[in-house]
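Me: Please take me through the assignments made for this structure, giving the grounds for each. I should like every label set against its criterion.

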Amino acid sequence: MENTFDDIYAAHTELVRRRCIRTLQNHFLLLLFSEGSGYLQHNENIYDFNARDCILLHDMSELYIVPQTPHLCRFMEISFSQEHVLYKSFQSQSLTIIDTYLNSPADLTLRFLDDEEYAIANGLFETCIRLSTDTLPHAMLLKQEIISSLLFYLARLYSISGRKKGQKGRALASHAAMIEQIRQYVKQNYSATLSLSSLADFVYTNPSYLSRIFKEETGTALSAYINKIRIIHARQMLIDTDELIIDIAIACGYNYIPHFNKVFREFTGMTPTAYRKTYKKPSF
């Protein structure tokens, strides 16, 4: 059955904590954030987002939206196919601007809108959303007109300013924010099972990407950082308590005692028993 414009067109507004968005084949997605802030992950790139950011996402792409904890974010989204843009409405120069916007080398383009730009884009987004359930005659053509106008307006802004200034710096800042989230999570949950996949889920990214970014940002492998935090607590417990070494190991996230002994020796040069004998003050 052949798809109609209504079948492939979607427009709505949403308030979310976290969300993964996947675009369909031969489709684009426009997002306009109206509230909140946080970060986005697209492929191997991390970007900050704030209210009034507008994003064009290309087909067959995956985007993770992670609002800044504990805040929520609100955004509007419009999905469309290039086939349903009314190119006949534009002159050749305008067509070039739209084609450049839609066929940019990057799978994601992001631009912060100033007050005037946001007011115009927001009005067009809201009109698309109101029309998404319109069944009156010529509604489909009207929807196409609005989407085409919105797309041309954003394409014109993109052609004037190019890729968003400061985007690289903001991406670096988001890397740092993500790593700090992981550090704090490990410090608070060192006794739990901290697999790479569970930590990646916590910051809404994939395991291999998290592992690489953590090493690049800190100079230390994530597994080594986890062991460091655990051994710090184990050393303190050996000195301050009379707990059995096996209980200390379990309390610090190690369920296999030979592995605990090996890691402890790597960090301190001593076995847990020798460490306790050396540094624990005798009780009177």
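**Grounds for the assignments**

Reply: In strand β6, I55 stands opposite L110 of β9. The model is a predicted one.

Me: What makes β6 and β9 a pair of strands?
Reply: Two strands pair if at least two bridges are found between them. β6 and β9 have five bridges, in the antiparallel sense, so the criterion of at least two is met. C54 is also part of this pairing, with R111 in β9 as its bridge partner.

Me: In what sense do β3 and β6 pair, and over how many bridges?
Reply: The sense is antiparallel, and there are four bridges. L30 stands opposite L56 in β6.

Me: Why is β6 called largely enclosed?
Reply: Buried means under 20% relative accessible area. Five of the five residues of β6 are buried, so the strand is largely enclosed by the rest of the structure. D53, I55 and L57 point one way and C54 and L56 the other way, and all are buried. Strand β9 (residues 108-112) is mostly covered, with four of its five residues buried.

Me: How do you know that the length of α7 agrees with that of a helix?
Reply: The expected span is 1.5 Å times one less than the number of residues. For the twelve residues of α7 (residues 207-218) this gives 16 Å, and the end C-alpha atoms are 16 Å apart, so the two agree.

Me: What makes the buried residues of α7 line one face?
Reply: Y209, L210, I213 and F214 are the residues concerned, being buried in α7. Seen down the helix axis, the buried residues fall within an arc of 125°, and therefore they line one face. On the other side of α7, S208 and E216 are exposed. The helix is followed by G219, whose phi is positive, near 80°.

Me: Why is K215 called partly exposed?
Reply: The label partly exposed lies between the limits of 20% and 50% relative accessible area. K215 has 43% relative accessibility and therefore counts as partly exposed. This residue is found in helix α7. K215 and I179 are 36 residues apart in sequence, and their C-alpha atoms are 9.8 Å apart in space.

Me: What supports the length of α8, and which of its residues are buried?
Reply: The 19 residues of α8 (residues 222-240) should span 27 Å at 1.5 Å a residue; the end C-alpha atoms are 28 Å apart, which agrees. Its buried residues include L222, Y225, I226, I229 and L238, and also N227 and R230.

Me: What makes the contact between E77 and R19 a salt bridge?
Reply: Side chains of opposite charge can pair when their charged atoms come close. The criterion is a side-chain nitrogen of Lys or Arg within 4 Å of a carboxyl oxygen of Asp or Glu. The N to O distance for E77 and R19 is 2.6 Å, so the contact qualifies under the limit of 4 Å. The pair links distant parts of the chain, with E77 in strand β8 (residues 73-81) and R19 in strand β2, 58 residues apart. At 7% relative accessibility, E77 counts as buried.

Me: How many salt bridges does the structure hold?
Reply: It holds eight. One of them joins the side chains of E117 and R111 at 2.7 Å, N to O. Both E117 and R111 are buried.

Me: Why does the pair E180 and R183 count as a salt bridge, and how are its residues placed in α5?
Reply: The closest N and O atoms are 3.9 Å apart, and the pair therefore satisfies the limit of 4 Å. E180 and R183 are three residues apart in helix α5 (residues 167-188), so about one helical turn separates them. E180 counts as partly exposed at 35% relative accessibility, and R183 counts as partly exposed at 29%.

Me: What makes the phi angle of R52 worth listing?
Reply: R52 has a positive phi of about 85° although it is not a glycine. Its place is in the loop between β5 (45-50) and β6 (53-57). At 24% relative accessibility, R52 counts as partly exposed. N26, in the loop between β2 (19-22) and β3 (27-35), has a positive phi near 65° and is likewise a residue other than glycine.

How values were computed
Residues numbered from 1 in each chain as written. Predicted model: local features only at pLDDT ≥ 70, side-chain atom pairs only at ≥ 80, totals over all residues. Heavy atoms only, no water. Helix = DSSP H or I, 4+ residues; strand = E, 2+ residues; numbered from the N terminus. Buried < 20%, exposed > 50% of the residue type's maximum accessible area, 1.4 Å probe, protein only. Arc of directions from axis to C-beta.
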